[in-house]
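I opened a notebook for this structure and wrote down what I looked up, entry by entry. The sequence and the structure come ahead of the notes.

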Amino acid sequence: MNTGMSSNQSLRTGRSFDLGKMNLRQLWAAYLTYPTILLYVALVALSMVVVTRTFAGTGPTLVAMAAVVAVYPLAWYLLHRFVLHGRVLYRFQSTAALWKRIHFDHHQDPHLLDVLFGAPWTTLPTIAAITLPIGWLIAGPGTAAAAFGTGVAITCVYEFFHCIQHLNYKPRARWIQIMKARHVLHHFHDENGNFGITSYVVDRAFGTYFVDAKARPRSPSVFNLGYDVREAGRFPWVMRLTGAPPRDRPDGARGGATAGDTRPT
């Protein structure tokens, strides 16, 4: 039976799944039992407990939740484009491991579930920094908890659809097909566009949206994010942590999406 376990020893941890070899049923089983997702669900539940004990009223609570829903796509876009794809963190030994974990590994091996999910020690402080001030300014601790819980819940949704975008599976819904196709372009054609996950409205606003491989040349750094062998020679810390030079493309033996999968049918 194919479990979808990864054969990539350079990135594999004790619990690894290869989305390029998994089906939708296997994804659901992995997603619903994944420790990070279980932690997020627990935090959403805890946030709701705080909301009920410090309830600020239905109106302010809904406003706080709606504000987070509205802000989240922009916040994700800015973080994804300017931090995760930035070329600053890998240049310093103190932040090289952070950059490697939060995004470099994912582009080196786009189908590996362990590095597709953000690490809670990086995601939760970020979610808190974005949502808690919004909620607190609306009506204090009750709406701050509502905003934080909403942010964590949205992250769960983002993570699931992100998995779908790397899964060896063709969605039935047209809108999910298009969403997946745009994200595959980001990973296999040009990493400098299509930064959204579930929505590309912000990409359209900032001019980074593209619909197919004909729209722009293929980026030579789509898999290494600019951290190539030359950069690794100047700033070796990520390479040392990986145990191998940066790759220009994923392991050819792996299954899943390729650049040819970018057009929905």
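Which helices each supply at least two residues of the lining of the largest pocket? I began there, keeping in mind that this is a predicted model.

**Entry: the pocket**

I found five helices that answer the question: α3 (58-84), α4 (93-108), α5 (113-116), α6 (120-139) and α7 (141-166). Of the helices, α3 gives the most to this lining, with 6 residues. I noted 27 lining residues, and those nearest the centre of the pocket are W76, L79, L84, G118 and T123. The space in this largest pocket comes to about 580 Å³. I also looked up the character of the lining: 17 residues are nonpolar, 8 are polar and 2 are charged. As a reminder to myself on the approach, rolling a probe the size of a water molecule over the atoms shows where empty space is left.

**Entry: aromatic pairs**

Next I turned to the rings, and the structure holds 19 aromatic pairs. I looked up the pair of Y77 and F195, whose ring centres are 5.6 Å apart; their planes stand at 85°, over the 60 degrees that is the cut-off, so I wrote the pair down as edge-to-face. Y77 sits in helix α3, while F195 is in the loop between α8 (174-188) and α9 (201-206). The two are 118 residues apart, and their pair links distant parts of the chain.

Are these two residues buried or exposed? Y77 has 1% relative accessibility and therefore counts as buried. F195 has 2%, so F195 counts as buried too.

I then set another pair beside this one: W99 and F104 are stacked, with 5.0 Å from centre to centre and 25° between the planes. Both W99 and F104 are buried.

I also noted a cluster linked by ring pairs, made up of W28, Y31, Y34, F117, F160, F161 and W175.

**Entry: charges over rings**

Which residues lie over the faces of Y209 and F210? Over the face of Y209 I found R204, at 4.1 Å from the ring centre. Over the face of F210 I found R216, at 4.3 Å from the ring centre.

**Entry: K180**

I looked up K180, which is in helix α8. Its relative accessible area is 10%, under the 20% cut-off, so I recorded K180 as buried. What does the side chain of K180 reach? I found the backbone oxygen of L167, at 2.5 Å from the side chain of K180.

**Entry: T208**

T208 belongs to the loop between α9 and α10 (229-234). I read a relative accessible area of 4% for T208, so this residue is buried. The side chain of T208 is in polar contact with the side chain of Y77, at 2.9 Å. I had already met Y77 as the ring partner of F195, and Y77 is buried as well.

**Entry: R218**

My last look was at R218, in the loop between α9 and α10. With a relative accessible area of 40%, R218 is partly exposed. How many residues lie between R218 and F188 in sequence, and how far apart are they in space? I wrote down 30 residues apart in sequence and 8.3 Å apart in space, taken C-alpha to C-alpha.

Key
Residues are numbered from 1 along each chain as its sequence is written. This is a predicted model: local features need pLDDT of at least 70, side-chain atom pairs count only at pLDDT 80 or more; totals for chains, interfaces and linings use all residues. Side-chain values use heavy atoms; hydrogens and water are left out. On a 1 Å grid over the protein atoms alone, a cavity is a set of points where a 1.4 Å probe fits but cannot get out, and a pocket is an open set with protein on both sides within 12 Å along at least five of seven lines; lining residues have an atom within 4 Å of a point. Grid points are joined across faces, edges and corners, and a volume is the space filled by probe spheres set on the points. Helices (H or I, at least four residues) and strands (E, at least two) are DSSP runs, numbered from the N terminus. Ala, Val, Leu, Ile, Met, Phe, Trp, Tyr, Cys and Pro count as nonpolar, Asp, Glu, Lys and Arg as charged, and the others, Gly among them, as polar. Rings of Phe, Tyr and Trp (its six-membered ring) pair if their centres lie within 6.5 Å; planes under 30 degrees apart count as stacked, over 60 as edge-to-face and the rest as tilted. Buried means under 20% relative accessible area, exposed over 50%, partly exposed in between (1.4 Å probe, protein chains only). A charge sits over a ring if NZ of Lys or CZ of Arg is within 6 Å of the ring centre and within 35 degrees of the ring normal. A polar contact is a pair of N or O atoms within 3.5 Å; within protein, one must be able to donate a hydrogen and the other to accept it, and residues adjacent in sequence count only if both atoms are side-chain atoms.
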